[in-house]
Amino acid sequence: MVAAKDHPVEYFAASALAASINYPLWRAAAVGQSGFVVRNMQVASIRLPQVLSTYVYGCLPPYKGLLATVGGMTYARACIFWGSDYGRDALRQAGFGETVSTVAPPLVVSTVVQVINQPIIRATVTLQDPNPERELRNVMAAFRHIYRERGVAGLWHGTTVGLFKTVPKYITAVVVKDYMEEHLPRADPSSPTYEYECLERSAVKSASAGIVGAALTNPLDVIRNEMFKTHHGMTRTVRDLQAEMGWAWMGRGLGKNMVAVAIPIACTIFFTDAFIQMRKKSNHED
């Protein structure tokens with residue numbers, strides 16, 4: 001297994017690339033899970049169904065909060081995955097068991113990152129509301145809007161449910177990633193297609209980690225984004241969702257979440273492996 005301490009640049013570069021190319025997917029998921037209403041859009045005089053309109057809206061400018069969103073995702077995922085791998089190696093060397101070494105680092109790092117990142121998440125999700133009556137131009141405008149309505153505490157509104165959602169998601173993703181790394185058949189170094197086989201193996205590992213992590217935490221994403229929209233507490237939010245939609249609320253935005261969460265996590269893991277593989281090849285050639 002690769003030593004994380006030797007490759008911090010690769011972890012951060014992979015996170016930045018994944019966050020950048022997946023911004024439209026995140027935007028569509030934020031709109032769908034928050035219950036924001038996107039008018040049916042037309043492409044070549046053809047009216048699109050609502051579900052496709054949301055994805056098209058996510059891809060179209062203006063890209064509000066783009067830099068803040070990509071920057072926040074980059075440092076968050078890089079810290080979580082690099083910190084988890086580095087922490088696992090350090091705890092193993094210190095004599096801790098496999099369970100503690102695997103679970104403790106993503107638990108601690110993802111908790112700290114979520115608390116620090118919460119105001120950015122809060123503001124960027126609020127920005128995506130397409131309602132013209134609540135037009136906010138940029139992240140600073142969203143910060144001021146939230147502060148005027150809810151004070152400083154409003155910037156961390158939804159932190160609890162955010163922790164319930166983010167921490168298990170990344171713990172699950174890291175555990176699945178490490179499990180697949182240990183148990184998937186390894187590529188044969190003597191094979192003429194060795195590099196391709198390594199990437200293929202990484203793709204299976206990455207996709208598994210992303211899908212499992214995203215699927216388990218969708219209901220918590222719905223609660224968090226609804227709290228951002230209504231400013232209600234978690235208990236009332238769940239009660240209102242249940243009254244309005246029954247148990248169907250747990251699946252609201254699931255397809256978008258699988259796309260917006262599973263793909264970025266999988267991309268981050270895959271790109272990290274690819275960049276590390278490229279660096280090793282470069283060093284070997286030198």
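The legends below describe close-up views of a predicted model. Because the model is predicted, local features need pLDDT of at least 70 and side-chain atom pairs count only at pLDDT 80 or more, while totals for chains, interfaces and linings use all residues. Residues are numbered from 1 along each chain as its sequence is written, and side-chain values use heavy atoms, with hydrogens and water left out.

**View 1. Arg27 in helix α2 and its surroundings.** Arg27 lies within helix α2, which covers residues 23–34; helices (H or I, at least four residues) are DSSP runs numbered from the N terminus. With a relative accessible area of 2%, Arg27 is buried, where buried means under 20% relative accessible area, exposed over 50%, and partly exposed in between (1.4 Å probe, protein chains only). Its side chain reaches the backbone oxygen of Leu60 at 2.5 Å. Leaving aside residues up to four places away in sequence, Arg27 touches Tyr57, Gly58, Leu60, Pro62, Tyr63 and Gln128, a contact being heavy atoms within 4.5 Å.

**View 2. Two cysteines, Cys79 and Cys267, without a bonding partner.** A disulfide is a pair of cysteine sulfur atoms within 2.5 Å, and a search of the whole structure finds zero of them. For Cys79, the closest cysteine sulfur belongs to Cys267 and is 19 Å away, too far for a bond. For Cys267, the closest cysteine sulfur is that of Cys59, at 14 Å, which is likewise too far for a bond. Cys79 counts as partly exposed at 25% relative accessibility, whereas Cys267 is buried, with a relative accessible area of 16%.

**View 3. A nonpolar patch on the surface that includes Ile116.** Leu107, Val108, Val112 and Ile116 form this patch, and together they have about 340 Å² of accessible area, as given by the Shrake-Rupley method with a 1.4 Å probe, for which only the protein chains shown count as cover for residues. Patches are made of residues with over 30% relative accessible area and no salt bridge, in which like charges are joined within 9 Å and nonpolar side chains (Val, Leu, Ile, Met, Phe, Trp, Tyr) within 5 Å. Ile116 belongs to helix α5, residues 98–127, and counts as exposed at 52% relative accessibility.

**View 4. The salt bridge between Arg92 and Glu98.** Side chains of opposite charge can pair when their charged atoms come close. A salt bridge is a side-chain nitrogen of Lys or Arg within 4 Å of a carboxyl oxygen of Asp or Glu, and the structure holds 14 of them. The side chains of Arg92 and Glu98 meet in one, at 2.4 Å from N to O. Both residues count as partly exposed, Arg92 at 29% relative accessibility and Glu98 at 45%.

**View 5. Salt bridges between helix α8 and helix α11.** Lys281 forms a salt bridge with Glu195, the closest N and O atoms being 3.6 Å apart. This pair links distant parts of the chain, with Lys281 in helix α11 (residues 254–285) and Glu195 in helix α8 (residues 194–216), 86 residues apart. Lys281 is partly exposed at 38% relative accessibility, and Glu195 is partly exposed at 37%. Lys205 forms a salt bridge with Asp273, and here the closest N and O atoms are 2.8 Å apart. This pair also links distant parts of the chain, since Lys205 in helix α8 and Asp273 in helix α11 are 68 residues apart. Lys205 is buried, with a relative accessible area of 6%, while Asp273 is partly exposed, with 22%.

Definitions and conventions: Helix = DSSP H or I, 4+ residues; strand = E, 2+ residues; numbered from the N terminus. Polar contact = N/O pair within 3.5 Å; in protein donor to acceptor, adjacent residues only side chain to side chain.
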